[in-house]
Amino acid sequence: MNAPEDPKDNRLKQAEKITNHPEQYKVCEGCGSIVVVRAVTCPSCHAYRFDSAALRVVSQARDLAMRAANSVLASDLT
Ligand SMILES: [Zn+2]
């Protein structure tokens, strides 16, 4: 039986995967989402401008992972 993955945990794993393979991803210039490099438009905001620089992808992935961690902490306190 497969337990459904914790979405926060999944997000951290995803961020880790992205930082290990930044060449497979790019950052949406419209909303800052990270999408796979073969995506033509952003699934989130439908923008078609992306930054595929590895450094940008890695820092954005870390940023998103941190924000997820922060929101976990915030909800733990309430
Ligand atoms: Zn977007």
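In the predicted model, V27 stands opposite I34 in β2. In β3, the bridge partner of V27 is D51. The strand β1 spans residues 25-28. Three bridges join β1 to β2, and the two strands run antiparallel. Two bridges join β1 to β3, again in antiparallel fashion. C28 stands opposite F50 in β3.

These pairings build one sheet. Three strands form an open sheet, ordered β2-β1-β3, with antiparallel pairing. The edge strands are β2, residues 34-36, and β3; each of them pairs on one side only. The hairpin of β1 and β2 has five residues between its strands. Within this hairpin, G32 takes a positive phi near 85°.

The sheet belongs to a chain with two helices and three strands. Read from the N terminus, the order of elements is α-β-β-β-α. The chain has 78 residues, and 17% of them are buried. Contacts with a separation of 6 or more were also examined by their span along the chain. Of these contacts, 45% are accounted for by residues 24 or more positions apart.

The largest nonpolar core holds ten residues. Its members are A15, I18, Y25, V27, C28, I34, C42, F50, V57 and A61. Three elements give two or more residues each to this core: α1 (7-20), β1 (25-28) and α2 (54-77). The largest share, three residues, comes from β1. Several residues of the sheet pairings recur here. V27 and I34, which stand opposite each other, are both core members. C28 and F50 also stand opposite each other, and both belong to the core as well.

A15 is another member of the core. Residues up to four places away in sequence are set aside in its contact list. A15 then touches A61, R62, L64 and A65. Among these partners, A61 is itself a core residue.

Two loop positions were then considered. H46 lies in the loop between β2 and β3. H46 is exposed, because 10 other C-beta atoms lie within 10 Å. H46 and C28 are 18 residues apart in sequence. In space, their C-alpha atoms are 9.2 Å apart. C28 is a member of the nonpolar core.

S52 is found in the loop between β3, residues 50-51, and α2. S52 counts as partly exposed because it has 14 C-beta neighbours inside 10 Å. Leaving aside neighbours within four places in sequence, S52 is in contact with K26 and V37. S52 and I34 are 18 residues apart in sequence. Their C-alpha atoms are 9.5 Å apart in space. I34 belongs to the nonpolar core and stands opposite V27.

Definitions and conventions
Residues numbered from 1 in each chain as written. Predicted model: local features only at pLDDT ≥ 70, side-chain atom pairs only at ≥ 80, totals over all residues. Core = buried A, V, L, I, M, F, W, Y, C linked by C-beta atoms within 7 Å. Buried ≥ 20, exposed ≤ 12 C-beta atoms within 10 Å, placed from the backbone. Helix = DSSP H or I, 4+ residues; strand = E, 2+ residues; numbered from the N terminus. Contact = placed C-beta atoms within 7 Å. Pairing = 2+ DSSP bridges.
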